[in-house]
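Hi,

Here is the structure I promised to pass on to you. Have a look at it first, and then read my notes below.

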Amino acid sequence: IPVDPFDLVIFGGTGDLARRKILPALFRRFCAGQMPDDSRIIGAARSEMSESEYRDLVRDALAEFGKKHAEDKHAVEAFLKHLHYVAVDAMGDGGWKEMKALLRDEEGLVRAFYFSVGPSLFGPLAEQLRENGLADRETRIVVEKPFGHDLESARSLNEELAQHFYEDQIYRIDHYLGKETVQNLMAVRFGNMLFEPLWNAQYVDHIQITVAETVGVGGRGSYYDHSGAMRDMVQNHLMQLLCLIAMEPPAQFEADAVRDEKLKVIRALDPVDPDQIVRGQYTSDGSMPSYREDAENPTSKTESFIALKCYISNWRWANTPFYLRTGKRLSARASEIAVVFKETPHSIFGIDSGRHRNVLSIRLQPDEGMTLGVTIKEPGPGGMRLVDVPLDMSFADALGPDAEEVTDAYERLIMDVIRGNQTLFMRGDEVEAAWAWTDPLIEGWERRGDSPKPYDAGSGGPDDAAFLINRDGRRWRGIK
Ligand code: NAD
């Protein structure tokens with residue numbers, strides 16, 4: 001379904017994120033027929049370049065990151081006709097008049113500005129838009145992560161934006177929320193009778209969220225070294241996944257109804273004891289550099305891995321552990337949310353049949369999909385032996401070769417901006433509440449001077465992370 005025609009300005013339109021994600025996503029939506037003919041994409045960045053130079057840059061970006069559609073040269077050239085470029089300086093006067101002259105004031109035309117630049121430019125850009133008369137009550141702005149470094153900086157970013165824009169104009173991106181499986185999680189929870197009655201402390205033993213990466217921090221090591229896994233991954237992505245898993249059913253699938261429920265989850269999170277947190281840092285495996293080499297900081301105490309156990313203090317989840325884990329340079333690229341149900345209260349099949357648990361596994365990568373583990377009789381004449389089998393809901397199987405096309409989070413999220421749907425974007429108070437929970441944990445280990453535990457590159461993280469869950473009589477699923 002086509003969206004309304006739009007003028008979308010991408011500040012940072014020559015940057016890495018724009019070339020790798022935003023422009024290829026827009027191109028694929030164009031190929032899918034979702035972009036109206038009179039829509040325009042306006043790249044804006046500091047470098048002086050002509051429109052045709054910018055189109056060349058985008059042509060190259062599509063060839064590199066545009067997947068199979070980019071092989072269609074006609075489609076690429078047709079898309080490039082929608083592109084324009086203006087050199088602007090967020091911190092100065094240059095380019096704003098040209099930008100104003102380019103933008104159209106037409107009834108029904110959506111105007112959006114994507115801030116694909118560092119957060120220090122969010123405030124100055126918002127101010128420039130207002131001062132130069134480029135934004136009105138309908139204009140939308142999109143901001144990228146990181147949204148702050150701690151509660152104080154997130155608050156001041158929110159305040160800076162709020163001086164010029166209302167909350168319903170601000171779209172804070174967390175691309176995990178745009179993933180097909182993450183949305184499917186809500187469909188499974190709230191579109192079936194089967195799960196929701198069991199979705200609580202009485203029937204769920206525990207929940208695991210793992211986001212494992214094989215890459216290191218090389219290339220952005222010096223930035224990462226001021227951040228670490230807690231700020232870079234847990235405060236935003238893992239927290240968002242936790243919210244969607246744990247929240248109460250909203251009355252409607254509508255932005256504030258959903259975000260109110262997510263906020264309640266974050267506010268109900270207990271503080272975490274230091275002995276329930278394991279931080280790690282990868283060492284060199286001989287062929288690849290260690291974290292400290294990547295970060296160019298030989299004494300760095302920043303974590304490239306974190307595992308923790310937390311609790312949500314409310315009726316639904318009292319005493320149900322949530323185990324969260326994320327890290328770089330691990331043995332596999334695998335992200336999964338696993339809802340591990342309790343064992344049956346009594347086994348009628350005798351102790352030989354073993355102990356079985358249903359597990360609903362929601363995979364975010366590499367192959368997005370869901371699997372429900374159920375226990376059945378092992379086929380054959382061998383008596384009543386039980387075996388666990390997966391009920392597979394893999395998108396690749398269900399959707400065939402088009403599956404790749406539905407999985408890109410940026411496509412979905414950018415189109416939601418044009419539609420004016422904020423459901424899959426973070427609200428300012430959510431982000432602040434998440435920082436309010438993470439800040440004391442970070443301050444705690446900084447105050448104590450804790451060093452992260454070294455772990456081998458290509459492993460499952462430090463041994464202590466396994467111990468964190470094993471001592472509760474449970475095990476991590478997936479990567480070890
Ligand atoms: P980048 O350094 O590759 O690009 C920055 C862009 O900002 C360039 O186009 C540059 O011209 C423009 N710019 C810088 N100063 C400017 C100014 N004063 N006025 C106008 N334009 C200016 O950065 P990136 O990797 O594209 O990241 C952009 C933002 O997105 C950052 O906040 C980053 O943390 C975030 N982000 C990036 C990624 C990614 O994969 N690259 C992923 C998630 C979030």
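Let's start with a helix on a sheet: helix H7 (residues 180-191) lies across strand S12 (359-365) and strand S13 (369-377), and H7 runs at about 155° to S12. Keep in mind while you look around that this is a predicted model.

Just before H7 there is a residue worth finding. Lys 179 sits in the loop between strand S6 (170-172) and H7. Is Lys 179 buried or exposed? Count the other C-beta atoms within 10 Å and you get 23; 20 or more is the cut-off for buried, so Lys 179 is buried. If you skip its neighbours within four places in sequence, Lys 179 is in contact with Leu 364, Glu 368 and Ala 409.

Lys 179 also turns up in the UniProt record, an unreviewed entry, which puts the feature "binding site" at His 175, Lys 179, Glu 213, Asp 232 and Lys 328. Lys 328 from that list is in a loop too, the one between S10 and strand S11 (334-341). Lys 328 has 25 C-beta neighbours inside 10 Å, so it counts as buried. Again leaving out neighbours within four places in sequence, the contacts of Lys 328 include Glu 213, which is on the "binding site" list as well. Among the other contacts of Lys 328 are Val 215, Tyr 282 and Phe 305.

Now for the sheet. There is an open sheet of 9 strands with mixed pairing, in the order S14-S13-S12-S11-S7-S10-S9-S8-S15. Which strands stand at the edges? They are S14 (386-394) and S15 (453-455); each has a single partner strand, so one side of each is left without a neighbour in the sheet. On average, neighbouring strands here are turned by 20° against each other, direction ignored. For one pair to zoom in on, try strand S7 (residues 204-212) and strand S10 (residues 322-327): they run parallel and are joined by 6 bridges. Ile 209, for example, has Leu 324 in S10 as its bridge partner.

Last, a pair of helices. The axes of helix H1 (residues 16-31) and helix H14 (residues 409-419) come within 8 Å and cross at roughly 75°, so the two are roughly perpendicular to each other. The contact of H1 with H14 has 6 nonpolar, no polar and 4 charged residues. On the H1 side you'll find Ile 22 and Leu 26 among them, and on the H14 side Tyr 410 and Ile 414 are included.

Have fun exploring!

Note on methods: Residues numbered from 1 in each chain as written. Predicted model: local features only at pLDDT ≥ 70, side-chain atom pairs only at ≥ 80, totals over all residues. Axes fitted to C-alpha atoms, helices over the stretch in contact; angles between N-to-C directions. Helix = DSSP H or I, 4+ residues; strand = E, 2+ residues; numbered from the N terminus. Parallel < 35°, antiparallel > 145°, perpendicular 65-115°, else oblique. Contact = placed C-beta atoms within 7 Å. Nonpolar A, V, L, I, M, F, W, Y, C, P; charged D, E, K, R; others polar. Pairing = 2+ DSSP bridges. UniProt positions renumbered as here; feature names shortened; annotations may be inferred. Buried ≥ 20, exposed ≤ 12 C-beta atoms within 10 Å, placed from the backbone.
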